[in-house]
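User: Please take a close look at a single part of this model, one strand and its surroundings, and describe it in a connected way.

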Amino acid sequence: MKIVIVDDHPLVRRGLSAVLTLEHDIEIMGESEMVEEAIELIEETKPDLAIVDIKLGNRSGFEVVEQLKDSSCRCMILTSSMMEMDVRRAEAAGAEGYVLKEALPEELLLAIKLIFKGKKYYDPGLMEILFKKDDDNDLHKLTPKEREVLIGLGEGLSNSGIADKLVVTEFTVKKHVSQILSKLNLNDRTQAALYAHSRGLVNFSMDTAGSMHQNFQ
């Protein structure tokens, strides 16, 4: 896995490199602290993932993410900001991940590996922001069976796993998942699973985070 680090703090870049180079399957292709330089570096080295800070001097890391939106390079925001407008902009810009700088190295590596596999990863501490609704009664829109399917998603079960648990067909589960996403205005299974955790339907832990994300499609 080829990675580029984009951050205007030398100590952060050095710390990231120290953590990532311990992984035998990760190769650091370069570092950058400026927007244009970062884009040139990414175009030249063609990494799989760019880890980007929001603040790059007097510029924004979102500029990097937005310019790479249609490229093969995935982007993960690594920041100390928990501001809702930053989280929303990261989503809109096309970032596949949003991790806080105080995250443990294990969580950072988990996020990187999941994003590399085509999944999304948002820091668990951001769930309240991600699923903040004007109407707190969204769960009441679901039928009892849809609620059970939502719990299954939160537990990290695949469609077949949910079908076995609820003793229904996999086709039925797919229909329920589609209805859940529509009723709760969610984009995908990733958000549905995190929504289940944010509403306390299932308990969140670092152990379940890995298994929860493995089945996201």
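Analyst: What follows is an account of strand β7 and its neighbours. This is a predicted model, in which local features need pLDDT of at least 70 and side-chain atom pairs count only at pLDDT 80 or more, while totals for chains, interfaces and linings use all residues. Residues are numbered from 1 along each chain as its sequence is written, and side-chain values use heavy atoms, with hydrogens and water left out.

Strands here are DSSP E runs of at least two residues and helices are H or I runs of at least four, numbered from the N terminus. β7 is covered on both faces, with G97 and V99 buried on one side and Y98 and L100 buried on the other (buried means under 20% relative accessible area, with a 1.4 Å probe and protein chains only). β6 (residues 74-79) pairs with β7 in the parallel sense over 4 bridges, where pairing requires at least two DSSP bridges between the strands, and I77 stands opposite Y98. β8 likewise pairs with β7 in the parallel sense, over 2 bridges, and Y121 in β8 is the bridge partner of G97.

The structure holds 1 aromatic pair (ring centres of Phe, Tyr or Trp, the last by its six-membered ring, within 6.5 Å; stacked if the planes are under 30 degrees apart). The rings of Y98 and Y122 have centres 6.2 Å apart and planes at 10°, so this pair is stacked. Y98 lies in β7 and Y122 in β8, 24 residues apart, so that the pair links distant parts of the chain, and both tyrosines are buried.

Methods: Phe/Tyr/Trp six-rings, centres within 6.5 Å; stacked < 30°, edge-to-face > 60°. Buried < 20%, exposed > 50% of the residue type's maximum accessible area, 1.4 Å probe, protein only.
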